Amino acid sequence: MVRKFTYDARRILTFAEEQARRFNDEYVGSEHLLMGLWKDMGGDDWLIGEKRYRSAPGNILSNLGLGFPEAFIPQLFSRKVETASKNRLPIPHTPKYTAEVRETFKKACKCARELGHDYVGAEHVLLGLLDLKTGFASEILAKEGVIGLITEETLDFMGVDDETHARYIEYRK
């Protein structure tokens, strides 16, 4: 499944894995994926020559003014700090993906197919995450009431035509 992922999508997954290791978690959860998407906004690790680069989700979240860490991170970090064990050694291997993250990947692949794309980009991963009904990231995004807003902005950013846009939104309701 991950073979179809673009460089941008794989980079987001790398960021998510880094966040999991940072908290000494043995898993990559939806919260790590969300942090990986926001980390992309900064563009710090995306220098290509002299040019700073962001993937679609980084641009979308930035355009909406949903910055990292201002918008959601207080809830995210307070929960992660409460559950993190301070005496654990760093995880030496790649953390395993949770059911929510695997479901996000499936939804991202399905979204790409529905939109007629033969690749799975970071924007599809974002839409897959927004479509989750369970998981910590979904809980945060739903509580903040931004799922619809980010979905609309993502589809607009991707240049989806009006008919496909309406069908996608209706299907998700």
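pLDDT is the predictor's confidence in each residue, from 0 to 100. The structure on display is a predicted model, in which local features need pLDDT of at least 70 and side-chain atom pairs count only at pLDDT 80 or more, while totals for chains, interfaces and linings use all residues. Residues are numbered from 1 along each chain as its sequence is written, and side-chain values use heavy atoms, with hydrogens and water left out.

**The whole chain**

Begin with the entire chain, coloured by pLDDT. Its average is 77, and 72% of the residues score at least 70. Next, display the secondary structure, in which helices (H or I, at least four residues) and strands (E, at least two) are DSSP runs, numbered from the N terminus. The chain contains nine helices and four strands. Followed along the sequence, these give the pattern α-β-α-β-β-α-α-β-α-α-α-α-α.

Of the 173 residues, 47% count as buried. Here, buried means under 20% relative accessible area, exposed means over 50%, and partly exposed lies in between (1.4 Å probe, protein chains only). A contact means heavy atoms within 4.5 Å. Among contacts with a separation of 6 or more, 69% are between residues 24 or more positions apart.

**Lowest and highest confidence**

Select residues 47–48, which form strand β2; among the elements of the chain, this strand has the lowest mean pLDDT, 44. Widen the selection to residues 43–49, where pLDDT stays under 50. For this stretch the model has 16 contacts beyond four places in sequence. Then select residues 99–114, helix α5, which has the highest mean pLDDT of the elements, 93.

**The aromatic cluster**

Remain at α5 and show the side chains of F5, Y97 and F105, which form one aromatic cluster. Rings of Phe, Tyr and Trp (its six-membered ring) pair if their centres lie within 6.5 Å; planes under 30 degrees apart count as stacked, over 60 as edge-to-face and the rest as tilted. By this rule, the count comes to two aromatic pairs.

The rings of F5 and F105 have centres 5.5 Å apart and planes at 90°, so this pair is edge-to-face. The two residues link distant parts of the chain: F5 lies in the segment before α1 (7–22), F105 lies in helix α5, and they are 100 residues apart. The rings of Y97 and F105 have centres 5.1 Å apart and planes at 80°, so this pair is also edge-to-face.

Which of these residues are buried? F5 and F105 both are; the relative accessibility of F105 is 4%. Y97, at 24% relative accessibility, counts as partly exposed.

**Helix α1 and A20**

Move to A20, in helix α1. Its relative accessible area is 0%, so A20 is buried. Beyond its neighbours within four places in sequence, A20 is in contact with D25, Y27, V28, H32 and P95. Add L33 to the selection: A20 and L33 are 13 residues apart in sequence, and their C-alpha atoms are 9.1 Å apart in space.

**Two helix pairs**

Two packed helices are described by the angle between their axes and the distance between the axes. Axes are lines fitted to C-alpha atoms, for helices over the stretch in contact, and angles run from 0 to 180 degrees between N-to-C directions.

Select α5 together with helix α6 (residues 122–130). They pack at an angle of about 120°, with their axes 7 Å apart. That makes α5 oblique to α6; angles under 35 degrees count as roughly parallel, over 145 as roughly antiparallel, 65 to 115 as roughly perpendicular and the rest as oblique. The crossing of α5 and α6 is right-handed. A crossing is left-handed if the near helix is turned anticlockwise from the far one by less than a right angle, and right-handed if clockwise. Residues T104, K107, A108, C111 and A112 of α5 meet H124, V125, L127, G128 and L129 of α6.

Now select helix α3 (residues 56–63) and helix α8 (residues 147–157), which pack at about 125° with axes 10 Å apart. This makes α3 oblique to α8, and their crossing is right-handed. Here A56, N59, I60, L61 and N63 of α3 meet I150, E153, T154 and F157 of α8.

**Helix α7**

Finish at helix α7 (residues 136–144), which includes S138. The buried residues of α7 are F136, A137, S138, I140 and L141. S138 has 5% relative accessibility. Apart from neighbours within four places in sequence, S138 is in contact with L129, L132, K133 and I147. Just after α7, select G145, which takes a positive phi of about 70°.
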